[in-house]
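Me: Could you take a close look at the backbone of this model for me, and at one loop residue in particular? I'd be glad of a connected account that then moves on to the surroundings of the ligand.

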Amino acid sequence: MVATPPTHHVSAAISLYALAHALAHFNAISALDRIDNSLRNAPKHAQFACVFRESRLPVDIRNQMDNLRLVGVTSQAKTLYDPLSQESRNDPYPAYERLRTRAPVYYCEPRNVWVLSRYEDVRAALRDWERFTSAKGLEIGDFVGFFGKGDFVQMDPPEHDDVRRIFAPRFANRAMSHYEPIVTTLAEQLVSEFPREGVVDIAGAFTQRLPLLTICQMLGIADSDVPWVVKSFIDMMKRNAGENMPSDHAHKLRSELVAFFNEQVELRINQDGFDDLQSDIAHAIQSGIIDRSHIPGVCLMLMHAGLETTSTLLGNIVHAIANKVIDSRELMDEQGELRNSALEEFLRFDAPIQWLSRVTTVDVTIHETTIPEGSRVLLLYASANRDPDVFPNPDVLDIGREGSRHLAFGEGIHFCLGMPLAKLETRIGIRSLLRKHQTITANGRPTRFPSLVGRGYDHLPVRLSPAEH
Ligand code: HEM
């Protein structure tokens, strides 16, 4: 049993906090930062005692402290969470925990965005497309609407439903048997290019390439065009920490890619015999569901959906194997296939898309805080997936966890259309890799892909050794 701290310690703790908050408020200096920093430097047992003491306070006192933090004090004097910060890039999970416990409806003043972090709040907002519109973009700053018209993840019904329906058959579960041999050939081809034994940047050579090559095949891009399309797309998407607008170079690459896709779809409008995603676009234009102005948005969005997401999932799994977080044999079932529970747990544990945003169409009140109409609201899928109210021991990667209701693929009308494909690519990718190289060990420092919403690996150097048969 744990002892309750004496009352005078409690009141002293509250006074200290209140004083710190008041100082921070009036002097606009971050007294809290200093207290937090001194705590950080304090011995582990002292840090624990402080956190413990706060968590043991009576609920009404904790609420008062939360109110102190919430009534602008913390949000202005100390930023609890900044989606563009280096910390968010490196390890956002401590910040997510702070948000869930201290400020579930948080206003991040420097970025002028609101943030929802608890599972139920994120899920409710995702389901409520009428009050949380996607039509004003999903990112922040000038990246909003970068792909252009046609990007149906940034549309509301009824237009969204019409465009999604065009592509639904190709991404349906039943269509996966058609893609299975294609993805297997691509994966085995990539793996066959690795040395039998040696160091490989598995992100550049595999985890990014497999999903991109797959979506290029699905779009019907000719083999000769694939290398520059892939390179241009990857370079276009690179975003450095703190950047909230696309560079001139990104705009230039976007123009080149758009010109390419316009030409390819035009070809399919004038010529029969194609059977790919671009011919689906051509048919939809011919039947008047969309027009030519939708081509850039829809093509770039489909490329994007295939790049940052599945590659992150694959990279996270390989990283865990290489760093011995997990034994590769535990990941696979008796048939040598990746266990489904493991795949789901990796998605929950480190969601490939950490957040996307919506804009409120009316005033929305959550936990007695009103988010004004027209506000951009970040929905933290990755934080929702670590909510202890839904997932016991959320910070533990438990590949046997069953029945996970994670939000990594979203929820509601925009639920990931590519989920069956993402799972297929991951299953085949890991299987192909481990069949040839059963020993994968970390070799050097990995770096992350410069992105706002994802945390995938850009470089992931590993040493491969052949499987012992
Ligand atoms: C592990 C891999 C993946 C993850 C974690 C993932 C995650 C997501 C999420 C969170 C959304 C919802 C966006 C929102 O709420 O606004 C979404 C939508 C979407 N995803 Fe995925 N995705 C993955 C792979 C893919 C793949 C491989 C494709 C196919 C190219 C794809 C295609 C799409 C499309 C088209 C949408 C938009 C659906 C709509 O707006 O109706 N995704 N995805």
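Reply: Happy to! Let's start with histidine 367, which is exposed because just 11 other C-beta atoms lie within 10 Å, and a residue counts as exposed at 12 or fewer. Keep in mind that this is a predicted model. Histidine 367 sits in the loop between strand E6 (364-366) and strand E7 (369-371). Its backbone deserves your attention: phi of histidine 367 is near 45°, a positive value in a residue other than glycine. Most residues other than glycine have a negative phi.

Lysine 324 makes a good companion to look at. Its phi, near 60°, is positive too, and lysine 324 is not glycine either. You'll find lysine 324 in the loop between helix H16 (310-322) and helix H17 (328-331). Lysine 324 is likewise exposed, with 11 other C-beta atoms within 10 Å.

Another backbone feature concerns a peptide bond. Most peptide bonds are trans. The one from proline 157 to proline 158, however, is cis, with omega near 5°. Proline 158 belongs to the loop between strand E3 (132-133) and helix H8 (159-171).

Now for the ligand. Its shell holds 27 residues, and Ala305, Thr309, Gly410, Cys416 and Gly418 come nearest. Two or more shell residues each come from helix H11 (209-219), helix H15 (295-307), H16 and helix H20 (419-436). H15 gives the largest share, three residues. By character, the shell around the ligand divides into 19 nonpolar residues, seven polar and one charged.

Note on methods
Residues are numbered from 1 along each chain as its sequence is written. This is a predicted model: local features need pLDDT of at least 70, side-chain atom pairs count only at pLDDT 80 or more; totals for chains, interfaces and linings use all residues. Helices (H or I, at least four residues) and strands (E, at least two) are DSSP runs, numbered from the N terminus. A residue is buried if 20 or more other C-beta atoms lie within 10 Å of its own, exposed if 12 or fewer, and partly exposed in between; C-beta atoms are placed from the backbone. A residue is near a molecule or strand if its C-beta atom, placed from the backbone, lies within 6 Å of it. Ala, Val, Leu, Ile, Met, Phe, Trp, Tyr, Cys and Pro count as nonpolar, Asp, Glu, Lys and Arg as charged, and the others, Gly among them, as polar.
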